[in-house]
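Trainee: Could you take me through one part of this model in detail? I'd like to see how the strands of a sheet and the core around them fit together.

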Amino acid sequence: MSPKLTSLVASLAGAALVAAHGHVSHIIVNGVYYQNYDPTSFPYQTSPPTVIGWKAEDLDNGFVEPNSFATGDIICHKGGLPGGGHATVAAGDKINIVWTPEWPDSHVGPVIDYLASCNGNCETVTKTALNFFKIGAEGYDSTTGWASDRLRANGNSWIVQIPSDLKAGNYVLRHEIIALHGGGNLNGAQAYPQCFNLQVTGSGSNLPSGTPGTSLYTPSSAGILFSPYVSPIVYPIPGPALIAGASSVKQSTSKVTATNLATVPGGSTPVTTSSAAAVATTTSKATSSSTSVKTTTPAATTTLATTTKAATTTPAPAVTGAVQTKYGQCGGSGWTGATACGAGSACSTVNAWYYQCV
Ligand SMILES: [Cu+2]
């Protein structure tokens, strides 16, 4: 191609490398809302809430690059550390995973879900000891497009189902979008892994074997080194095979009827707030007719947690006065984090969803 076109492509690729987009805001299990770790605001808080989501150092809502796929960062995002609590779900339950801010339509790619047994409490697990098995994977469909398109169309959220025959125990749910807009180049794909601690109940006995997070993908894996701009699109979803018996889940959204805090190991029943308050905190669309949301209220709604953290936590608004670091996000649709940039950088509009300190 001409030198001019080459430099245009190079600058577009450069923009794609720094433009980064999103994290999971919360999950909904049988109508109950659980807040996730917010990488863009919790680091600025002196005592952030205890949540089921793993702590991660993606202040810029960023991604893990393929050159890091053999490092611990790919397991549960950059600098990932276990969440301080967990949510309880039953085998067979569907979990609605809700992303924010709005996932950009340019960031096309697969949506993949894994579980890994913690062999004990997930809150204290060593992430490199986790072996992940794939319970859901969607890539490209010639009729409906990319899984990321379907996620966007589904209220920016995704439904995953816990296998109904899964052995009871503690598991890390690893949910991931891989954005392929730069995937035609080596190290151009972007992985956005998000992890949550779950206590799964039930009478099943299935515990599939798994793969360490650092062995899921390489920079040149089929489906990682992949251009989404070449027709026809025949996309191989990367990573290990789906477990036996995994079924595709019809996407839908979930209505929030209550909010729970994370349960800490050995802890008491978490606080359940009133339905009205819970509904006010979510942007989820109403339940579609195909969703089977149990209407039972979580047990012991009047029992307050005895931990002091539980008593003082509320979903945190953006910290006013927070200053974003260079190359971090400073605005865009849905953005609730810092809008000021530190000395030496200024907030620049990349697109409607993403302003960046440059
Ligand atoms: Cu991005």
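Mentor: Sure, and one term before we start: two residues are in contact if their C-beta atoms, placed from the backbone, lie within 7 Å. Keep in mind too that this is a predicted model.

Let's set the scene. The protein chain has 5 helices and 18 strands, and 47% of its 358 residues count as buried. If you take contacts between residues at least 6 apart in sequence, 73% of them join residues at least 24 apart.

Now the sheet. Six strands make up an open sheet, ordered β3-β11-β10-β5-β6-β12, with mixed pairing. The edges belong to β3 and β12 (211-212), and each has a single partner strand, so one side of each is left without a neighbour in the sheet. In general, strands of a sheet pair through backbone hydrogen bonds, either parallel or antiparallel.

Have a good look at β11, residues 190-201: 11 of its 12 residues are buried, so it is mostly covered. On one side, strand β3 (residues 87-90) runs parallel to β11 and is joined to it by 4 bridges; Ala90 stands opposite Thr201 there. Strand β10 (residues 169-179) runs antiparallel to β11, with 11 bridges between them. Leu173, for one, has Phe196 in β11 as its bridge partner.

Further along the order, β5 (residues 111-117) and β6 (residues 131-138) are an antiparallel pair held by 6 bridges. Val111 has its bridge partner in β6, namely Glu138.

So what does Val172 touch, if you leave aside its neighbours within four places in sequence? Its contacts are Leu115, Ala116, Cys118, Cys122, Leu130, Cys195 and Asn197. Val172 also turns up in the largest nonpolar core, a set of 70 residues. Within that core, the members that touch the most others are Ile27, Val29, Tyr34, Leu115, Tyr171, Val172 and Ala179. Notice that Leu115 is on this list and among the contacts of Val172 as well. As a rule, nonpolar side chains in soluble globular proteins tend to be buried together.

One last stop, away from the strands: Thr40 lies in the loop between β2 (32-35) and α2 (73-76). Is Thr40 buried or exposed? The cut-off for buried is 20 or more other C-beta atoms within 10 Å; Thr40 has 24, so it is buried. Thr40 and Ala56 are 16 residues apart in sequence, and their C-alpha atoms are 9.7 Å apart in space.

Conventions
Residues numbered from 1 in each chain as written. Predicted model: local features only at pLDDT ≥ 70, side-chain atom pairs only at ≥ 80, totals over all residues. Core = buried A, V, L, I, M, F, W, Y, C linked by C-beta atoms within 7 Å. Helix = DSSP H or I, 4+ residues; strand = E, 2+ residues; numbered from the N terminus. Pairing = 2+ DSSP bridges.
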